Amino acid sequence: MRTLAVALVAFAALTACSSGDEPSKAPSSSKPSEAPKPSANAASLDPCKLLPAAAVSKALFLDNLQAVAGPVQDNAANGGKARSCEYQLNGKAAGALAVTRYEGRQAKPADMVASIKKAKAGAQDVAGFPDGAVYYVDEQKTATLASAELVSGTPVLINYTGPAKMTPEQMAPLVKTALDAS
């Protein structure tokens, strides 16, 4: 699953700000959900700190999950700087959280989510996220829930990927926890 998590992080980074469906370059609106968070620094977002292993353990009903930092996935073509955290039980992956920052871009979080939805067949909207969220199961039989926000004026995409049997209801609290901590 580690290879799969890396692939999904890379896909999310490419999809959210691809040159074909590039999110709007217009300045973001003044909605509270898109306002920069003064106490946060987009460059310092650590997925393992945004979503502690204990929160994932609770959501998956698994004891003793360990959070392990994943590989760095930067994409010079779209400016995405992705970091991930893999949640493991006895050395086996139980899921992963990816955080991708798009420094120097002025993409709107809702446009980033819409771009992913457009790119993934069968993707569905998930209620309860200010700028939207999307859930899908891909051809590798993994489920992903993704949302986005602005952190210190920087567009940030946050997605959790886990087994295909995970529902949006199970994943939403995990992504919300990470969004709230960012």
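Here are three short exercises with worked solutions on the structure above.

The model is predicted, with local features needing pLDDT of at least 70 and side-chain atom pairs pLDDT 80 or more, while totals for chains, interfaces and linings use all residues. Residues are numbered from 1 along each chain as its sequence is written, and side-chain values use heavy atoms, without hydrogens and water.

**Exercise 1.** Check the span of helix H5, residues 168-181.

*Solution.* Helices (H or I, at least four residues) and strands (E, at least two) are DSSP runs, numbered from the N terminus. The expected span is 1.5 Å times one less than the number of residues. For the 14 residues of H5 this gives 20 Å, and the end C-alpha atoms are 20 Å apart, so the two agree.

**Exercise 2.** Find what H5 gives to the largest nonpolar core.

*Solution.* Start with burial, meaning under 20% relative accessible area with a 1.4 Å probe, protein chains only. In H5, the buried residues include Met171, Leu174, Val175 and Ala178. Next, a nonpolar core joins buried Ala, Val, Leu, Ile, Met, Phe, Trp, Tyr and Cys residues through side-chain atoms within 4.5 Å. The largest one has 31 residues. H5 gives the most to this core, with six residues.

**Exercise 3.** Place strand S6 among its partners.

*Solution.* Strands pair if DSSP finds at least two bridges between them. Two bridges join S5 (residues 124-125) to S6, running antiparallel, and aspartate 125 stands opposite valine 134. On to S7: five bridges join S6 to S7, also antiparallel, with valine 134 opposite alanine 146. Finally, four of the five residues of S6 are buried, so the strand is largely enclosed by the rest of the structure.

Conventions. Buried < 20%, exposed > 50% of the residue type's maximum accessible area, 1.4 Å probe, protein only.
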